[in-house]
Amino acid sequence: MTANRQRRASPAAAPTARRPPEEAPPVSIWAGSLHRIAVLLRKEFVQVLRDRSLVGVLVFAPLVQLLIMGFAVTTDIKEIVLAVRDNDRSFHSREYVRTLAASGYFKIVPVTGPEITDDRLLVSAAAGLVVVIPPEFGARLLAGRPVAVQALADGADSNFAVNGINYLNRATRLYSERLVRPLIEVLERQRGVHLPTLTVHSRAWYNPDLTSRNFFVPGLMGMLLLVTTMIVTSMALVKEREEGTMEQLIVTPLRPIEIIAGKLLPFVAIGIVEITLALIVMRVVFQVPFAGSYALLYFASGIFLLTTLGLGLFISTIVHTQQQAMMASAFFVMMPFILLSGFIFPVENMPWIIQQVAALIPLKYYLIIIRGLFLKGTGLAELWPPLLVLLIWGTGILSLAALKFHKRLD
Amino acid sequence: MRRFLAILKKEFRQIRRDPLSLGMLVFLPALLLIMYGYALSFDVRHISVGVLDHDRTRASRAFLDSLFGNPYFDRILTLERSSEVDVAIARGTVRCVLVIPTGFAAALERGDETAIQAIVDASDATLGSTAIGYLEQLAARATQQARLERLAPAGAAATLPVVTPEFRVWFNPELQSARFLVPGLIAILMMLSAVVATSLSMVREKERETMEQLIVSPVRPIELILGKTLPYVAICLVTMTLVLSLGYVLFGVVIRGSFLWLSVATLLFLFAALGLGVLISTVTRSQLMAFQIAALVSILPSVILSGLFFPIRNMPLVIQAVTVIVVPKYFISALRKIILKAAPFDTLWPEFLAMFALGLAFYALAIRRTRKAA
């Protein structure tokens with residue numbers, strides 16, 4: 001591959017080398033610059049496309065990842081294994097267990113035998129919840145008195161436990177309400193009082209089925225776009241330097257900004273292809289609704305690409321070896337971007353100081369934009385602040401990288 | 001044995017000469033644990049709520065008051081008109097708006113069923129459904145209280161046949177997500193260091209073309225691979241000790257289980273993770289590919305397919321099948337069981353066996369490939 005690059009770079013450089021840019025009139029500086037960028041672009045495209053495995057890594061790996069992980073990213077809790085120890089075995093207790101089963105949240109597993117096995121169920125995570133129905137359950141309800149059931153929850157997975165508790169509360173309320181309702185009319189007649197019922201009618205906006213995948217999959221697209229474009233850019237320049245072909249590029253009349261433009265544009269093109277493919281997968285396979293404007297999505301993604309490519313470039317200018325480039329992008333970019341951008345955890349729940357760190361992460365703003373576009377159908381009127389931040393970030397990091405790159409040439 | 005020791009010595013010397021990488025491998029995971037341990041939380045608390053009270057009566061205000069004063073909802077906005085609801089939610093000013101209809105107090109007095117409306121921003125479904133669950137629970141409690149209050153003065157025993165679950169939450173009574181997340185984070189950080197470090201150390205040898213020298217030496221593939229991975233086992237053990245101590249000191253994550261099983265789990269995990277690193281390095285020629293593949297098989301999948309944040313039992317069966325080869329999955333599960341639940345061996349052996357088997361498979365493949373290359 002190295003030999004191939006040398007062959008391509010030298011003839012392209014030869015004709016322009018005879019005409020130094022400072023002697024040419026202003027118009028042809030532009031023309032010359034465009035010409036040089038075009039030549040470099042061709043070289044870069046040829047180089048990228050030659051490397052079949054790179055094309056695979058850049059286009060297909062993200063798609064496969066999106067397909068696999070898109071199915072994985074869901075916090076919807078469907079079937080919680082609920083172990084029931086019925087110490088009453090009355091009509092009421094069986095009816096209660098039937099209500100729990102009918103709620104659709106639980107997979108009911110009856111347990112009998114010694115009490116000691118209850119904690120084994122939780123330790124081995126064979127059950128997420130254990131409900132123990134006391135022996136006086138049916139008798140107390142018949143007498144019109146309240147009764148408590150004991151519920152053991154596995155708190156090791158706190159998210160799971162919170163949901164399990166919510167569901168068990170809801171199913172139990174349903175059962176109680178069914179017992180109380182007929183009684184209320186009787187009591188109201190007997191005692192001459194009105195008994196009120198307070199309920200909440202909830203309307204879940206933007207995501208009426210409460211499908212968590214609709215929230216996570218657009219985020220996953222942003223994540224994959226970041227990983228592929230940033231890492232490959234950061235390595236492209238470092239590789240050129242490690243292989244010693246950087247000097248050849250430098251001695252050509254190409255200006256640093258032209259080298260950068262030529263290096264980055266192929267990745268912009270690949271990024272756009274990736275977005276299009278990801279969009280198709282998201283709409284067709286995952287059925288994520290899209291409420292906003294596609295034009296705005298591409299516009300925002302283009303601006304986001306400025307930041308990821310700029311970041312990759314910047315990393316490549318400050319590190320010396322590919323190994324350092326990898327470590328830097330893994331620890332200082334990928335992990336914080338995955339965990340602090342709001343991809344999984346809402347930024348507003350983080351401590352103040354971490355929120356300040358998160359405010360520096362461009363992915364955070366991109367996620368606000370794409371989630372707004374996919375779920376809320378928001379437009380430019382609401383989305384201009386994050387767009388502006390991304391634009392400033394992108395141009396800032398690109399200029400910084402260009403400046404650093406320029407200095408290293410001297 | 002002497003050849004193996006020679007490789008070992010060479011590798012240790014190389015690591016010592018590169019203090020930057022050594023520092024990164026030991027201290028970065030610790031730093032990251034501190035940051036992420038504080039940052040990440042599933043706890044749905046302090047949901048920002050706007051209130052639109054069309055009724056403006058004492059009863060409506062009393063009901064609203066009963067919904068706040070808990071750690072779940074923060075009333076941060078009072079709306080005046082219905083038209084303001086859309087804006088407040090679209091802008092993200094509040095996550096939820098509660099609307100009390102006109103005639104709320106009157107309907108309550110008559111004993112009719114009275115509903116308030118809750119508009120919840122459910123773009124984050126977890127947050128949305130948890131908020132709805134809390135609201136329903138609070139409304140049910142208010143109903144129960146109101147009914148009993150009206151029954152009490154009228155007659156003798158004011159009781160209604162209702163069932164209430166009394167929860168006892170095991171292993172993590174305050175339901176802090178830090179307890180759940182810190183052991184998982186430890187596993188992920190270890191995975192990152194282990195895979196990245198070894199795959200790089202092997203590929204570096206290849207790129208500098210010193211691998212040929214090693215291969216033509218009388219060192220056997222198994223000696224070469226062991227000699228190159230053992231130093232990283234040592235480094236990773238130091239890192240592990242450091243992050244576990246930090247987990248205890250900063251986040252109160254006490255190791256309830258036995259240190260013996262913890263050590264066994266860690267060693268088996270390192271065996272498998274380093275095996276994966278070696279395998280990656282034997283199948284790739286350039287560092288670019290090595291890193292892409294390392295990222296592909298370690299970073300993102302470790303986060304998404306390991307059960308760290310997204311429960312595996314919720315995934316479709318095909319994806320569950322894919323997670324079988326995700327090494328950190330077993331380590332996370334084992335760490336959670338040991339650290340939080342003090343699990344005995346008979347609930348841990350499936351994880352141990354899986355890590356051991358995966359490690360063996362990775363090494364066998366790596367050795368075969370090294371032999372071929374030679």
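**Two chains joined strand to strand**

Let's begin where the two chains meet: strand β4 of chain A (residues 147-154) and strand β5 of chain B (residues 163-170) run parallel and are joined by 8 bridges. To find your place in this pairing, look for A151(A), which stands opposite F167(B) in β5(B). Please keep in mind as you explore that this is a predicted model.

A second sheet also draws on both chains. This open sheet has 5 strands with mixed pairing, in the order β5(A)-β4(B)-β3(B)-β1(B)-β2(B). At its edges you will find β5 of chain A (197-205) and β2 of chain B (73-78); each has a single partner strand, so one side of each is left without a neighbour in the sheet. From one strand to the next, the twist averages 30°. Moving to the chain B end of the order, β1(B), which covers residues 47-53, pairs with β2(B) in the parallel sense over 5 bridges. A handy landmark here is I47(B), which has F73(B) of β2(B) opposite.

Now step back from the strands to the contact between the chains as a whole. Here 100 residues of chain B are in contact with 99 residues of chain A. Which helix of chain B gives the most to the side that touches chain A? That is α6, residues 125-154, with 20 residues. As for the chemistry of this side of chain B, its residues comprise 62 nonpolar, 22 polar and 16 charged.

Next, let's follow chain B on its own. Two domains divide the chain: domain 1 is made of two stretches, 2-41 and 177-373, while domain 2 covers 47-154. Their C-alpha centres lie 49 Å apart.

In terms of secondary structure, chain B holds 14 helices and 5 strands. Why is chain B described as more spread out than a compact globule? Its radius of gyration is 29 Å, whereas the globule rule gives 21 Å for 374 residues; the value is well over the rule, so the chain counts as more spread out. The dimensions give another view of the chain: along the principal axes, the C-alpha trace of chain B spans about 95 × 45 × 40 Å.

Finally, consider how the residues of chain B are packed. Of its 374 residues, 49% are buried. Among contacts in chain B with a separation of 6 or more, 79% are between residues 24 or more positions apart.

Definitions and conventions:
Residues numbered from 1 in each chain as written. Chains lettered and ligands numbered in written order. Predicted model: local features only at pLDDT ≥ 70, side-chain atom pairs only at ≥ 80, totals over all residues. Domains from an automatic or database assignment. Helix = DSSP H or I, 4+ residues; strand = E, 2+ residues; numbered from the N terminus. Rg over C-alpha atoms; globule rule 2.2 N^0.38 Å. Buried ≥ 20, exposed ≤ 12 C-beta atoms within 10 Å, placed from the backbone. Contact = placed C-beta atoms within 7 Å. Pairing = 2+ DSSP bridges. Axes fitted to C-alpha atoms, helices over the stretch in contact; angles between N-to-C directions. Nonpolar A, V, L, I, M, F, W, Y, C, P; charged D, E, K, R; others polar.
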